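Reader: Got a minute to walk me through this one? I'd like to go through it piece by piece.

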Amino acid sequence: MEASRVKVIDQSQVAPPPGSVSTTTVPLTFFDILWLSCNTMQRIFFYELPYPALHYTQTVLPRLKESLSLTLRHFFPFAAKLMCPPPPHQPYIVYNEGDAVQVTVAESDADLLNHFVELSFVSLASNDTQVAPNMAIQFTVFPNSGISIGVTFNHVAADGRSVQHFMKSWAAIHRSQREDLTSFSLPYCKRDVIKDTQGLSSVLLKDLRNINTEDHLLRDFGGDVLADNVLTTFTMKRAKIEQMKRWITTHSENDDELGQVHMSTYVVTCAFTWVNIMKLREKIRGSSDNDDMLYSLLFGADCRERFELSIPGTYFGNCLTHVCVSVKRRELMGEAGIGIAARAIGRKISELGKGALRGAEKWASNFTEVFKHQRVVTVAGSPKFRVYETDFGWGRPKKSDMVHIPPYSGFSLAENIEDDGGIDIGMVIGLDKLHLLNALFEQ
Ligand SMILES: CC(C)(COP(=O)(O)OP(=O)(O)OC[C@H]1O[C@@H](n2cnc3c(N)ncnc32)[C@H](O)[C@@H]1OP(=O)(O)O)[C@@H](O)C(=O)NCCC(=O)NCCSC(=O)CC(=O)O
């Protein structure tokens with residue numbers, strides 16, 4: 001395969017309009033603090049547009065930057081900086097006049113939708129270990145074919161739902177060519193709605209500071225299989241999902257507890273993918289794991305609009321509780337593995353009804369143990385984000401991908417663009433292992 005070339009042609013800073021945001025300090029809530037241990041996130045949107053290179057530089061890019069600036073006025077924490085002073089000081093976010101998002105413009109000679117294209121993403125790297133930017137953006141122009149918008153963000157600043165809110169607001173401002181405040185809902189940027197009655201922030205921060213960096217929460221799966229990795233997407237059609245829901249429900253007739261559990265699309269898709277990723281890992285590496293070893297699935301559940309917490313749907317920041325589902329290897333890898341996984345995931349989700357923050361004081365300490373002693377798969381994204389509704393006035397994106405998925409130990413979820421109710425599952429695996437995964441999914 002011939003390597004494509006991506007060359008950087010411009011770098012600039014885009015800030016909110018001068019004087020539109022005053023100096024503001026945003027404290028971190030306990031929801032934000034756990035993400036101090038995590039890598040930055042990356043998402044990319046591809047749009048098909050027939051313009052020549054000159055039209056991008058003269059018209060498309062200036063308009064994108066101008067609308068970005070207007071959007072940042074409302075989502076200013078993305079232009080702000082994360083400050084991490086040494087203990088005993090607390091980390092926080094601060095916006096000062098002039099703070100900006102770094103914007104890189106690149107040009108590629110690849111096909112817009114060539115998924116093997118090397119995504120040369122801007123990082124949030126900073127020379128200062130105590131100050132980090134919260135967002136960087138890369139526009140990659142594919143002359144006569146399209147443009148991609150790559151967003152790298154610091155999860156400490158916001159979760160996936162907030163990022164999608166930002167993207168859709170930016171798209172709405174760009175589409176209407178002005179800052180029409182009726183075309184999107186304003187984010188709720190104050191932190192006063194997050195009540196920390198149990199002192200969770202200080203417990204989590206203390207635990208995180210005690211974690212050995214080698215126990216970093218999001219470790220990748222081994223070093224030997226990382227070369228030649230590709231980002232790939234599998235689709236589960238709605239009909240297949242419904243079939244799987246029925247199958248799991250009918251094979252659980254004697255499980256009284258299951259009456260309370262909703263076999264949602266999320267539950268069955270996660271169960272199916274989790275089992276297959278673990279099977280793929282065993283096919284590649286063989287398994288020396290004890291049958292009693294715990295295999296775990298970790299995902300975030302949104303806490304906005306939960307009755308007991310009263311956090312508005314437009315809340316900007318992190319608002320995820322963390323769910324860890326563990327099943328013994330023997331059961332997960334057995335014939336009934338997908339059904340067992342689905343029931344275990346469904347039960348954990350229904351338990352959130354008893355209090356979404358139960359056990360939150362142990363998030364950091366438990367997860368360190370889980371990553372140390374168990375085999376972990378993480379889930380990113382959500383079909384609820386409706387990423388394909390991010391319309392800058394050019395119609396729906398042709399494709400949207402999450403890029404930061406850990407190889408062989410994570411996957412992302414999004415709605416499928418063609419099949420209403422279908423789900424796209426994004427994964428990063430070795431190019432030479434794709435046939436193995438295809439075979440498992442077919443089976
Ligand atoms: C707890 C969950 C994970 C899973 O809950 P559930 O199993 O109950 O599934 P669910 O909430 O999707 O939906 C349950 C049922 O409610 C109905 N339902 C749900 N959402 C609906 C909607 N928008 N419109 C209409 N109906 C809807 C459906 O009937 C669905 O059943 P059916 O499915 O059968 O039709 C979810 O609720 C949740 O919190 N999702 C968001 C997770 C998230 O924000 N992740 C991002 C992490 S940050 C990150 O990763 C970074 C990044 O993204 O960049």
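Reader: How far apart do the C-alpha centres of domain 1 and domain 2 lie?
Author: Bear in mind that this is a predicted model. The domain assignment splits the protein chain into domain 1 (6-218) and domain 2 (229-442). Going from one C-alpha centre to the other, the distance between domain 1 and domain 2 is 25 Å.

Reader: And how many residues does the contact take from domain 1 and from domain 2?
Author: Contact here means heavy atoms within 4.5 Å. On that basis, domain 1 puts in 63 residues, and domain 2 puts in 51 residues.

Reader: How much area do domain 1 and domain 2 bury between them?
Author: Carbon and sulfur atoms account for 66% of the area buried between the two domains. The total that domain 1 and domain 2 bury is about 5000 Å².

Reader: OK, on to the ligand. Which domains does the shell around the ligand draw at least three residues from?
Author: The ligand is surrounded by 20 residues, and the closest include Lys245 and Lys384. By class, that shell has nine nonpolar, eight polar and three charged residues. Helix 6 (265-285), strand 11 (294-302) and strand 13 (375-381) each give the shell at least two residues. As for domains, at least three residues come from each of domain 1 (6-218) and domain 2 (229-442).

Reader: What distance separates an oxygen atom of the ligand from an N or O atom in the side chain of Ser264?
Author: Let's take the polar partners in turn. A ligand oxygen is 3.0 Å from a side-chain N or O atom of His262, and a ligand oxygen is 2.8 Å from a polar backbone atom of Asp302. For the side chain of Ser264, the distance is 2.5 Å.

Reader: How much of the ligand's accessible area does the protein cover?
Author: On its own, the ligand has 1000 Å² of accessible area. The share of this covered by the protein is 66%.

Reader: Any backbone oddities? Which residues does a cis peptide bond join?
Author: Ser310, in the loop between strand 11 and strand 12 (320-328), has a positive phi near 50 degrees despite not being glycine. The cis bond is elsewhere: Pro88 is in the loop between strand 4 (81-83) and strand 5 (92-95). With omega about 10 degrees, the residues joined are Pro87 and Pro88.

Key. Residues numbered from 1 in each chain as written. Predicted model: local features only at pLDDT ≥ 70, side-chain atom pairs only at ≥ 80, totals over all residues. Heavy atoms only, no water. Near = heavy atom within 4 Å. Polar contact = N/O pair within 3.5 Å; in protein donor to acceptor, adjacent residues only side chain to side chain. Areas by Shrake-Rupley, 256 points an atom, 1.4 Å probe, with all protein chains shown as cover. Helix = DSSP H or I, 4+ residues; strand = E, 2+ residues; numbered from the N terminus. Nonpolar A, V, L, I, M, F, W, Y, C, P; charged D, E, K, R; others polar. Domains from an automatic or database assignment. Buried area = accessible area lost by both parts, 1.4 Å probe.
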